[in-house]
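Biologist: I have the sequence and the model open, and I would like to learn how to read them. Please take me through it one step at a time.

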Amino acid sequence: MRLSRKQIHFRNLLTKLLCWSIKNDINFSIGEVYRPAHLRFKCPHCNREFIFDLQDVYRYMGYSKARHSKHQDKLAIDIFILDKEGNWLKEKIHYEKLGEYWKKLDPYNRWGGDFELVDPYHFEYNG
Ligand SMILES: [Zn+2]
């Protein structure tokens, strides 16, 4: 399947997740979707230009172990569940219902709560 077809499929799956979360009174804010590659940065001090992939920075900082992230393909989203007062719920247990529902939507859906480096906020399509 072409990448654009996968992105449309991911959008459809994500729409189902959003509607399901509203019906189940789970509030969240949306975090990172797209993680760009080949970012250009010009250092204001030395005037040198650097080109880098954000994924490499995340790996270097220990946020990810993957060389390639589905965020780079626009096939992943990070979601932050909020309580009634709008506080960010950070524990994995708060994300398990959402993660289980996500995995039921498509056999290629993966939830970051199952990853070796646990990332309960991460939902991706890996088809
Ligand atoms: Zn993520």
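Biologist: At about what angle does helix 1 run to strand 6?
Modeller: Helices (H or I, at least four residues) and strands (E, at least two) are DSSP runs, numbered from the N terminus. Axes are lines fitted to C-alpha atoms, for helices over the stretch in contact (C-beta atoms, placed from the backbone, within 7 Å). Angles run from 0 to 180 degrees between N-to-C directions. Helix 1 lies across strand 1, strand 4, strand 5 and strand 6, and its angle to strand 6 is about 140 degrees.

Biologist: What kind of model is this?
Modeller: Residues are numbered from 1 along each chain, as its sequence is written. Local features need pLDDT of at least 70, side-chain atom pairs count only at pLDDT 80 or more, and totals for chains, interfaces and linings use all residues, since the model is predicted.

Biologist: In what order do the elements of the chain run?
Modeller: The chain has three helices and six strands. Read from the N terminus on, they run α-β-β-β-α-β-α-β-β.

Biologist: How far apart are the end C-alpha atoms of helix 1?
Modeller: Helix 1 covers residues 3-23, which is 21 residues. The expected span is 1.5 Å times one less than the number of residues, so helix 1 should span 30 Å. The model agrees, with the end C-alpha atoms apart by 30 Å.

Biologist: How many degrees around the axis do the buried residues of helix 1 cover?
Modeller: Buried means 20 or more other C-beta atoms within 10 Å of a residue's own, exposed means 12 or fewer, and partly exposed is in between, with C-beta atoms placed from the backbone. In helix 1, the buried residues are F10, L13, L14 and L17. They sit on the same side of helix 1 because their arc (taken from the directions from the helix axis to the C-beta atoms) is only 105 degrees.

Biologist: Why can residues three or four places apart point the same way?
Modeller: Think of walking around a spiral staircase. Residues three or four places apart point the same way because an α-helix has, for each turn, 3.6 residues.

Biologist: Which strands do the buried residues of helix 1 pack against?
Modeller: The face turned away from the buried side carries exposed residues, including S4, R11 and K23. The buried residues pack against helix 3 (96-105), and also against strand 4 (76-82), strand 5 (109-111) and strand 6 (122-125).

Biologist: Which strands are the edge strands of the open sheet?
Modeller: Two strands pair if DSSP finds at least two bridges between them. The sheet has four strands in the order 1-4-6-5, with antiparallel pairing. Two of them pair on one side only, and these edge strands are strand 1 (27-30) and strand 5.

Biologist: Which residue in strand 6 stands opposite A76?
Modeller: Strand 4 and strand 6 run antiparallel and are joined by three bridges. Opposite A76 in strand 6 stands E124.

Biologist: What is the bridge partner of L39 in strand 3?
Modeller: Strand 2 (residues 39-42) and strand 3 (residues 49-52) run antiparallel, joined by four bridges. Their hairpin has six residues between the strands, and N47 there takes a positive phi near 70 degrees. The partner of L39 is F52.

Biologist: Is H38 buried or exposed?
Modeller: H38 is found in the loop between strand 1 and strand 2. Leaving aside residues up to four places away in sequence, H38 touches I51 and D53. H38 has 8 C-beta neighbours inside 10 Å, so it counts as exposed.

Notes. Contact = placed C-beta atoms within 7 Å.
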